[in-house]
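Please read these comments with the sequence and the model open beside you. They are set out as numbered points, and each takes up one topic.

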Amino acid sequence: MEQPVHILLAEDEPKLGNSIRRELSEQGFDIEWAYDGRTAESMFRSSRFDLVLLDINLPHINGLELCRRFR
């Protein structure tokens, strides 16, 4: 059986994050949600993700900086 796509969602707005997480989960994706840039970076370094969705304006480390670090 094929594993679901593992996605890291970095979003600090609770309503938007819940909406995105719920919708993607209903579509069969495996979602992990980080509320700020530091947490997202830690999660990224400790697990393998197939896709990362980054908010640009995250607390602590913004999404553009995280993208640069992840690359």
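1. Is Arg45 buried or exposed? Before answering, please keep in mind that this is a predicted model, and that every value below was computed from it. Arg45 is exposed, because its relative accessible area is 52% and the cut-off for that word is over 50%.

2. The partner of Arg45 deserves attention as well, since Arg45 forms a salt bridge with Glu41 in which the closest N and O atoms are 3.3 Å apart. Both residues belong to helix α2, which covers residues 37–46, and they are four residues apart, or about one turn of the helix. Glu41, however, counts as buried, because its relative accessibility is 16% and buried means under 20%.

3. Glu41 also takes part in a second pairing, this time with Arg69, and here the N to O distance is 3.0 Å. Arg69 lies in helix α3 (residues 63–70) whereas Glu41 lies in helix α2, so this salt bridge ties together parts of the chain that are 28 residues apart in sequence. As for its surroundings, Arg69 is partly exposed, with a relative accessible area of 34%.

4. Helix α3 holds a further pair, for the side chains of Glu65 and Arg68 meet in a salt bridge with an N to O distance of 2.5 Å. These two residues are three residues apart, about one turn of the helix, and both lie in α3. Glu65 counts as partly exposed at 24% relative accessibility, while Arg68, at 55%, counts as exposed.

5. It helps to put these pairs together. Side chains of opposite charge can pair when their charged atoms come close. In this model, Glu41, Arg45, Glu65, Arg68 and Arg69 are linked in a network of salt bridges, and a search of the whole structure finds five salt bridges. Taking the charges of the chain as a whole, the mean position of the 9 positive charges and that of the 13 negative charges are 5 Å apart.

6. Turning to the overall fold, the chain has three helices and three strands, and along the sequence these follow the pattern β-α-β-α-β-α. The radius of gyration is 12 Å, close to the 11 Å that the globule rule gives for 71 residues, so the chain is as compact as a globular protein of that length. The C-alpha trace spans about 35 × 25 × 15 Å along its principal axes.

7. How much of the chain counts as buried? Of its 71 residues, 32% fall into that class, and the accessible surface comes to about 4900 Å², with 49% of it belonging to carbon and sulfur atoms. Among the contacts with a separation of 6 or more, 54% are made by residues 24 or more positions apart.

8. Finally, please look at Asp12, which is found in the loop between β1 (6–10) and α1 (14–26) and counts as partly exposed at 24% relative accessibility. Which residues does Asp12 touch, leaving aside those up to four places away in sequence? They are Tyr35, Asp55, Asn57, Leu58 and Pro59. With Tyr35 the two separations can be compared directly on the model, for Asp12 and Tyr35 are 23 residues apart in sequence and 4.5 Å apart in space, C-alpha to C-alpha.

Terms used
Residues are numbered from 1 along each chain as its sequence is written. This is a predicted model: local features need pLDDT of at least 70, side-chain atom pairs count only at pLDDT 80 or more; totals for chains, interfaces and linings use all residues. Side-chain values use heavy atoms; hydrogens and water are left out. A salt bridge is a side-chain nitrogen of Lys or Arg within 4 Å of a carboxyl oxygen of Asp or Glu. Buried means under 20% relative accessible area, exposed over 50%, partly exposed in between (1.4 Å probe, protein chains only). The radius of gyration is taken over C-alpha atoms; the globule rule is 2.2 Å times the number of residues to the power 0.38. Contact means heavy atoms within 4.5 Å. Accessible areas come from the Shrake-Rupley method with a 1.4 Å probe; for residues, only the protein chains shown count as cover. Lys and Arg count as positive and Asp and Glu as negative; His and the chain ends are not counted. The place of a charge is taken as NZ of Lys, CZ of Arg, CG of Asp or CD of Glu.
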